[in-house]
Amino acid sequence: MGPSPTFDQFGTSPTPDRGGKRSNPDFRLHITPLHFFFPLRFPIQRKLKLAQVHKQRKAKRKKLFISRVLAMATNTQDQQSQAGRHQEVGHKSLLQSDALYQYILETSVYPREPEPMKELRKLTAKHPWNLMTTSADEGQFLNMLLKLINAKNTMEIGVYTGYSLLATALAIPDDGKILAMDVNRENYELGLPVIQKAGVAHKIDFKEGPALPVLDQLVEDVNFNNPIHFFFLQNLLIIELNFMLKNKI
Ligand SMILES: C[S@@+](CC[C@H](N)C(=O)[O-])C[C@H]1O[C@@H](n2cnc3c(N)ncnc32)[C@H](O)[C@@H]1O
């Protein structure tokens, strides 16, 4: 075995005693493709680094996206729980902010709500269809309108547990009359004890059944000539339109 090749034999280092010439004349044979690859090392490293940065950014974006989706889901849950809270108060407000609506209720509406209406509202909140009820602010607006126009005889289609009915009964004079109609007597009877306790039940003439036949009967009834000063109808637009078209009102 000959002497092992030295660093100098590969011609990578100029030898001073040979005038700076390379010791191995075949040094070119030792250049491998790796040597050509070497100058590319930095761009490739840069590319690898860029790819890594890109991957990190992608992961970050994905994380951000997931956190946003989670935040949206939490918001929706919040809104749903807010809606749940609003179900209790029969929220049908045009206000976009639940917090603002709640603030108005707490600071301005509930403190002015008559005691029987408060009781009926709380009783209705426990009912599975409580979303149908007139809200406290609507009830007070209704009460104010009736007083403003000095209404005596009114008509109401769609009573449910009677929140708007009670608001009306409390607003009209003692000899005033409300012709109230609903297909469901059971719900009306839920709220009836509160209405009776408030001392206004004598103003109410409740008719069970679909409103249209009752209205048709009224039109036929020659004895019914009481003027109706106020008509309250909730979510039953079709009935109203049908009746108006039929009777050319
Ligand atoms: C939105 S709720 C009324 C809420 C009520 N004004 C209050 O303040 O709680 C609608 C009511 O209309 C009643 N209804 C539905 N169809 C009817 C019909 N054809 N005639 C009379 N009442 C009807 C329902 O039973 C329901 O109680």
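Modeller: Ala, Val, Leu, Ile, Met, Phe, Trp, Tyr, Cys and Pro count as nonpolar, Asp, Glu, Lys and Arg as charged, and the others, Gly among them, as polar. The model is predicted: local features need pLDDT of at least 70, side-chain atom pairs count only at pLDDT 80 or more, and totals for chains, interfaces and linings use all residues. Residues are numbered from 1 along each chain as its sequence is written, and side-chain values use heavy atoms, with hydrogens and water left out.

Colleague: How many residues of the shell around the ligand are nonpolar, polar and charged?

Modeller: A residue is near the ligand if one of its heavy atoms lies within 4 Å of it. There are 20 residues around the ligand, and Thr134, Gly158, Ser164, Asp182 and Gln234 come nearest. By class, the shell holds 11 nonpolar, seven polar and two charged residues.

Colleague: What distance separates a polar side-chain atom of threonine 134 from an oxygen atom of the ligand?

Modeller: The limit for a polar contact is a pair of N or O atoms within 3.5 Å; within protein, one must be able to donate a hydrogen and the other to accept it, and residues adjacent in sequence count only if both atoms are side-chain atoms. Serine 164 also places a polar side-chain atom 2.9 Å from a ligand oxygen, and a backbone N or O atom of alanine 211 lies 2.9 Å from a ligand nitrogen. For threonine 134 the distance is 2.5 Å.

Colleague: What share of the ligand's accessible area does the protein cover?

Modeller: Accessible areas come from the Shrake-Rupley method with a 1.4 Å probe; for residues, only the protein chains shown count as cover. On its own the ligand has 600 Å² of accessible area, and the covered share is 88%.

Colleague: Which elements give two or more residues to the shell around the ligand?

Modeller: Elements are DSSP runs numbered from the N terminus: helices (H or I) of at least four residues and strands (E) of at least two. The protein has nine helices and four strands. Those that give two or more residues to the shell are strand 1 (153-157) and helix 6.

Colleague: Which element gives the most residues to the largest nonpolar core?

Modeller: Such a core is a set of buried Ala, Val, Leu, Ile, Met, Phe, Trp, Tyr and Cys residues joined through side-chain atoms within 4.5 Å. It has 29 residues, and those touching the most other members include Leu165, Leu166 and Ile178. Among the elements giving two or more residues are helix 3 (98-109), helix 7 (185-197) and strand 3 (204-208). With six residues, the top contributor is helix 6.

Colleague: Is arginine 121 buried or exposed?

Modeller: Buried means under 20% relative accessible area, exposed over 50%, and partly exposed in between (1.4 Å probe, protein chains only). Arginine 121 lies in helix 4, and its side chain makes a polar contact of 2.7 Å with the side chain of glutamate 113. Because its relative accessible area is 11%, arginine 121 is buried.

Colleague: Which loop holds tyrosine 160?

Modeller: Most residues other than glycine have a negative phi. Tyrosine 160 has a positive phi, near 55°. Its relative accessible area is 6%, so tyrosine 160 is buried. Its place is the loop between strand 1 and helix 6.

Colleague: Why does asparagine 150 count as exposed?

Modeller: Asparagine 150 sits in the loop between helix 5 and strand 1, with a positive phi near 60°. Asparagine 150 counts as exposed because its relative accessibility is 65%.
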